[in-house]
Amino acid sequence: MHLKNSLLFGLLAVIMLGGTVTPVLSQSSPEMGIVINEVEINPSNGAEFVELFNSSSQSIDISGWTITPSSTWKKYEITSNTVIEPNSFMAFTHHSSWFKDFGDTISLATNSGELIDQTPLLADQDNDGNTWQRNTDGLDTDSKSDWRLKMMSPKSSNGKII
């Protein structure tokens, strides 16, 4: 009888909990829909860039946000009146030695310093047209497996979940 009551209580707890769970997407702020989606750290033409993607359903003002490599003195501040529309891409360039080819981590933070996204350590010793890209636009599991090195596709999709 004790085991039966324990199982019933456990089932009741699961049912009650199930009714109160809110999906993660509805709990997060729209800013959490912005991710670093593609990074060129060793281009053949000298134009290093970071592409951001807005996976949310809202326009997001990223004015004053910063894109910062491991060498924090190379921080780039996004200009005023910069808005990324829903399901859209925006690429930023800084200068030709923004990133280290032998390995860099890139962070994105709000103007108040809140960390929004960060790449794993990325390295690219080949001076070619390959960039580090998320396998699927906006998918962020905080794993290196989210990323792959392939032919660049700035301001366009790397892949979508169908």
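## Predicted model: confidence, a salt-bridge network and three loop residues

In this predicted model the mean pLDDT of the protein is 79, with 77% of the residues reaching 70 or more. Residues 1-28 stand apart, since their pLDDT is below 50 and, beyond near neighbours in sequence, the stretch has one contact in the model. Where pLDDT is low, the predicted coordinates should not be read in detail.

### Overall architecture

The protein contains two helices and eleven strands, and along the sequence these follow the pattern α-α-β-β-β-β-β-β-β-β-β-β-β. Of its 162 residues, 40% count as buried, while the accessible surface comes to about 9300 Å², of which carbon and sulfur atoms contribute 58%. Among contacts with a separation of 6 or more, 55% are made by residues 24 or more positions apart.

### The salt bridges around R134

Side chains of opposite charge can pair when their charged atoms come close. The count of salt bridges in the protein is three, and the table gives the N to O distance for each pair.

| Pair | N to O distance |
|---|---|
| R134 and D117 | 2.7 Å |
| R134 and D140 | 3.7 Å |
| R134 and D146 | 3.8 Å |

Salt bridges that share partners join D117, R134, D140 and D146 into one network. The pair of R134 and D117 links distant parts of the chain, with R134 in strand β10 and D117 in strand β9, 17 residues apart. R134 has a relative accessibility of 1% and therefore counts as buried, and D117, at 3%, is likewise classed as buried. D140, by contrast, is partly exposed at 32% relative accessibility. For the salt bridge of D146 with R134, D146 lies in the loop between β10 and β11 (147-151) and R134 in strand β10, so this pair ties together parts that are twelve residues apart in sequence. Both D146 and R134 are buried.

### Three loop residues

S63 sits in the loop between β3 (60-61) and β4 (66-68), and because its relative accessible area of 15% falls under the 20% limit, S63 is classed as buried. Its side chain is joined to that of D61 by a polar contact of 2.5 Å, and a polar atom of the S63 side chain also lies 2.8 Å from the backbone nitrogen of N81. Leaving aside neighbours within four places in sequence, S63 is in contact with I78, T79, S80, N81, T82 and N111.

H95 belongs to the loop between β7 (88-93) and β8 (107-109), where its relative accessibility of 31% makes it partly exposed. Not counting residues up to four places away in sequence, H95 touches E48 and K74. The C-alpha atoms of H95 and K74 are separated by 9.1 Å, although the two residues are 21 residues apart along the chain.

L121 lies in the loop between β9 (115-118) and β10 (130-134). Is L121 buried or exposed? With a relative accessible area of 52%, L121 is exposed, because the limit for that class is over 50%. Even so, L121 is in contact with G103, D104, T105 and K144 when its neighbours within four places in sequence are left aside. Of these partners, K144 is 23 residues from L121 along the chain, and their C-alpha atoms are separated by 8.3 Å.

Technical notes. Residues numbered from 1 in each chain as written. Predicted model: local features only at pLDDT ≥ 70, side-chain atom pairs only at ≥ 80, totals over all residues. Heavy atoms only, no water. pLDDT = per-residue confidence, 0-100. Contact = heavy atoms within 4.5 Å. Helix = DSSP H or I, 4+ residues; strand = E, 2+ residues; numbered from the N terminus. Buried < 20%, exposed > 50% of the residue type's maximum accessible area, 1.4 Å probe, protein only. Polar contact = N/O pair within 3.5 Å; in protein donor to acceptor, adjacent residues only side chain to side chain. Areas by Shrake-Rupley, 256 points an atom, 1.4 Å probe, with all protein chains shown as cover. Salt bridge = Lys/Arg side-chain N within 4 Å of Asp/Glu carboxyl O.
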